[in-house]
Amino acid sequence: VRKSEIAAAALLLLLGAATIFQSRTLSYWHEQAPGPAFVPFWLGVLLIATAAILLIAAIRAPAARSAPSAPFAPSARFAPGAPMAPRAPAWISAFSVLALVLIPIVGMPLACGLFMAATLFLLEPRRRWRNIITAVATVVIVSLLFVHGLGVPLPLGPLGF
Amino acid sequence: VSDLWSHLQTGFAVAATPVNLLLALGGAFAGTFIGALPGIGSTSGVALLLPLTFGLDPTSAIILLAGVYYGSMYGGTITSVLINTPGESATIVTTLDGYQMAQQGRAGAALGIATIGSFIAGTAGTLGLMVLAPTLARAAMRFGPPEYFALTLLGLAMLVGLGTGSRVKALASALVGLILATVGVDVMTGRPRFTFGYIDLLSGFDFLPVSIALFGFSEILVVAATPADRLTPQPVSLGIRDALPTRADWHASRAPIARGTVIGFLIGTLPGAGATIATFASYFVEKKVSRHPERFGHGAIEGVAGPEAANNAASAGSLVPLLTLGLPGGTTTAVLVGAFTMWGLRPGPMLFEQNPSFVWGLIVSMYIGNVMLVVLNIVLLPLFLRAMRMPQAILLPSIVVLCIVGAFAANNRLWDVGLMLVCGVAGYWMKKLDYSPAALVAALVLGPLAENSFRQALQISDGRLAVFVDRPIAGVLMACVALVALAPIARSIITRRSDRR
């Protein structure tokens, strides 16, 4: 957690510095009023100051620290224990990115179905038939609900769905 | 009074149409269902269902989403009581005594009193909204750019200052949101800012993919990282009769429900405060006034009744700053501010003048929705218990699919899906490290209003910063900002001094 805290604070510091650096290309004052650079510049300054406080606090913090509670979520969610599948958040993120890459090739409904299948087999590999049926149902529901029901122009694949 | 009566008639004419009644029922049902799912709360529900409202007119859309909002307050109680996992941050306090009651075999009484308390508080809160909002909106009509800037600053300061996590991290989150809000074409000069030549960035960061990411996708990653046993409820069988409180339960809960309603509504009306703080305040008060405070934490029904009334009254109260000033009262209303903009409406005092059928249709639908919810929660309790047992393996990827399609539907472009995924992973780490996604989204939504008001105010005053303090309303609001910002510092100095003694 401490390393992540330091990395997060450093990232914020970088974002603040980049904002100040980029705002140099814009006008600070424009026709007797603040220009487009005014607000981003001062936001960058404030972010650097805030990030510096967080960085110092993270560096000074003892190495072993319990996980903090989430501000708008119950703290129990990060309690130690066995998650649903090893590295499940990382796998779900990776499958989502893969679905994004596949959308222009196979269409949104099929890409969503493939994502569903991959995640289901990750979380419950033994329930093969249920996983396959759920994935097929996802393709059908996404097509029917969004494309035909709500008229959202989702990218479709070569097979027309 | 005659004005109020005619407004109510307008509201009934809008809300009581068959389509809007169905949408209110659908929203209330979906909200309770979403609230009953461990880990998914009202904000996630509203963000995820927002793309489904694209084909609807704004009034029908807000009736649906408002149903989801207050419905999830009812539903969130079910997981708090039965599996000690709040389905919603506003029901965290309910776990303290609600779960203990369930352990003692009184889950039905806890859920029943929570439903009845929520109904009373929700209805009274809507009445308060109906009376207070038009008055406040009339007062806000006199606001100019300096007042609007001061007001948005106050909203953000309160969101940062009154949050339940680290204030410095909440401030950092808000600053990131404000910086992201500066991306795109600068409205006052027409020049692109921080777009790096990308056409997709010209319109800035759309709030919808970011909201879906921070409240939907990242929530799924959080749940996926949660130990499975924490999310699996013990088999509980409850019938309709179990959810009806006894006379003794009702006698013990009457006063806590009344106090919770007042506390919840008042705290809910503060921009940025939200329902979570209201529930903590109500619990604290109940424990203080109780003759047997030692019973709290061991299954005291007052510890369920008060906070449950408070969270529903607060959700009605949080619509006061939203409808009258355009400021979010909490996390869910921050998403609603963005939704208003998406529907082409500007939340604020003019809404009452320009869109009376929208505002009064919403208010009346809340009365109707509360009646629907009390029936739904008692009659369909066994069904919601089954919803809790829905396999996480199916639920989680289904919500991710909804996130992907919803992010695309915002502007019909894949760029937003990519943005949603990046922000979702960032949101996961934000939650893990105690940063505030709510402050980020609120800042992203309020950022353009704050910046434009700030620059316009300086333009009309020839660059004089004193314009923010020498106008009476702006001055009072800026004093409140200073108070909110300095209060935690003063508190920590006082605590340190008393510790030294």
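**Exercise 1. Place A:F121 in its helix and in the surface patch of this predicted model.**

Step 1. A:F121 sits in helix α4 (residues 108-123) of chain A.

Step 2. The relative accessibility of A:F121 is 31%, so the residue counts as partly exposed. Patch members need over 30% relative accessible area.

Step 3. A:F121 joins A:W129, A:I132, A:I133, A:V136, A:V140 and A:L144 in a nonpolar surface patch, and together they have about 710 Å² of accessible area.

Step 4. Helix α5 (residues 128-149) of chain A supplies six residues, the largest share of the nonpolar patch.

**Exercise 2. Classify the ring pair A:W91 and A:F95 and state how each residue is covered.**

Step 1. Over all chains, the whole structure holds 15 aromatic pairs. In one of them, A:W91 and A:F95 lie 5.7 Å apart, centre to centre, with 35° between the planes. Planes under 30 degrees apart count as stacked and those over 60 as edge-to-face, so the rest are tilted. The pair A:W91 and A:F95 is therefore tilted.

Step 2. Both residues belong to helix α3 (residues 88-106) of chain A and are four residues apart, about one turn of the helix.

Step 3. A:W91 has 41% relative accessibility and so counts as partly exposed. A:F95, with a relative accessible area of 16%, is buried.

Step 4. For B:F340 and B:W343, the ring centres are 5.9 Å apart and the planes are at 35°, so this pair is tilted. B:F340 and B:W343 are both buried.

**Exercise 3. Find the ring cluster that draws on chains A and B.**

Step 1. From chain A, the cluster includes A:Y28, A:W29, A:F38, A:F41 and A:W42.

Step 2. Ring pairs link these with B:F149, B:F454 and B:F468.

Terms used
Residues numbered from 1 in each chain as written. Chains lettered and ligands numbered in written order. Predicted model: local features only at pLDDT ≥ 70, side-chain atom pairs only at ≥ 80, totals over all residues. Heavy atoms only, no water. Patch = residues over 30% accessible without salt bridge, like charges linked within 9 Å, V, L, I, M, F, W, Y side chains within 5 Å. Areas by Shrake-Rupley, 256 points an atom, 1.4 Å probe, with all protein chains shown as cover. Salt bridge = Lys/Arg side-chain N within 4 Å of Asp/Glu carboxyl O. Helix = DSSP H or I, 4+ residues; strand = E, 2+ residues; numbered from the N terminus. Buried < 20%, exposed > 50% of the residue type's maximum accessible area, 1.4 Å probe, protein only. Phe/Tyr/Trp six-rings, centres within 6.5 Å; stacked < 30°, edge-to-face > 60°.
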